[in-house]
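Let's take a walk through this structure together. Have a look at it first, and then we'll start with one side chain and work outwards.

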Amino acid sequence: MKNLKKGLLILALPLVAFTTAHKFYVSVTNINYSDKDDALQITTRIFIDDFEQVLEERYGFTAQLATDEESTAANTYIEKYLRAKFVLQIDGENRSFVFLGKKYDNDVMVCYLEIPEVQFEKVKSIEVQNEILTDLFDEQQNIVHFKLKGKKKSFVLVRENNKGMLNL
């Protein structure tokens, strides 16, 4: 009986080792044009725990996002990181975004960005460079969805290929 239990344990151990949840490193960014506001509106969805880890690693900052103890400086560090890792060019010219804020949706932080005063009828191309979390996670994938002038295009950006362009 003792040998049977040992045998079952030895057989079951490899099965248990492969049943742990695989962690995905992904962000999703949507870029749309608002006629009403004459602006590019950008939403970025990022896992809270991953973002907290990158703030700690990069800046030594403990944010405690989505908790009652969230630091009052959290938005400052979130914006600082996004400015360093998310760049948008319109017709080859870098355009600075306005960080409008964030909200939490379960285990995801949704950041709202806007590029105002876009003369969209004159725009020929929009390029996005998204390096969010690629400095911390080799497996990080940043999915970017453009929906502009009736055109839809999506990119999966990774550390080695972190730029996507939409020609209008």
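Is Arg58 buried, partly exposed or exposed? Keep in mind that this is a predicted model. Arg58 has a relative accessible area of 39%, so it counts as partly exposed.

Now see who Arg58 teams up with. Asp135 makes a salt bridge with Arg58, and their closest N and O atoms are 3.2 Å apart. Arg58 sits in helix α2 while Asp135 sits in the loop between β7 and β8, so this pair ties together parts that are 77 residues apart in sequence. Asp135 is partly exposed too, at 34% relative accessible area.

What about helix α2 itself? With 12 residues at 1.5 Å a residue, α2 should span 16 Å, and its end C-alpha atoms are indeed 16 Å apart. Its buried residues are Ile48, Asp50, Phe51, Val54 and Leu55. Looking down the axis of α2, you'd find these within an arc of 160 degrees, so they line one face of the helix. That buried set packs against β2, α3, β5 and β6. Right after α2 comes Gly60, with a positive phi of about 65 degrees.

Back to salt bridges: there are 6 in the count. One of them joins Arg83 and Glu79, at 2.9 Å from N to O. Both residues lie in helix α3, 4 residues apart, or about one turn of the helix. Another pairs Asp138 with Arg159, with the closest N and O atoms 2.8 Å apart. Here the loop between β7 and β8 is linked to the loop between β9 and β10. Asp138 is exposed, at 55% relative accessibility, whereas Arg159 is partly exposed, at 35%. Finally, salt bridges with shared partners join Arg58, Lys85 and Asp135 into one network.

Notes. Residues numbered from 1 in each chain as written. Predicted model: local features only at pLDDT ≥ 70, side-chain atom pairs only at ≥ 80, totals over all residues. Heavy atoms only, no water. Helix = DSSP H or I, 4+ residues; strand = E, 2+ residues; numbered from the N terminus. Expected span 1.5 Å × (residues − 1). Buried < 20%, exposed > 50% of the residue type's maximum accessible area, 1.4 Å probe, protein only. Arc of directions from axis to C-beta. Contact = heavy atoms within 4.5 Å. Salt bridge = Lys/Arg side-chain N within 4 Å of Asp/Glu carboxyl O.
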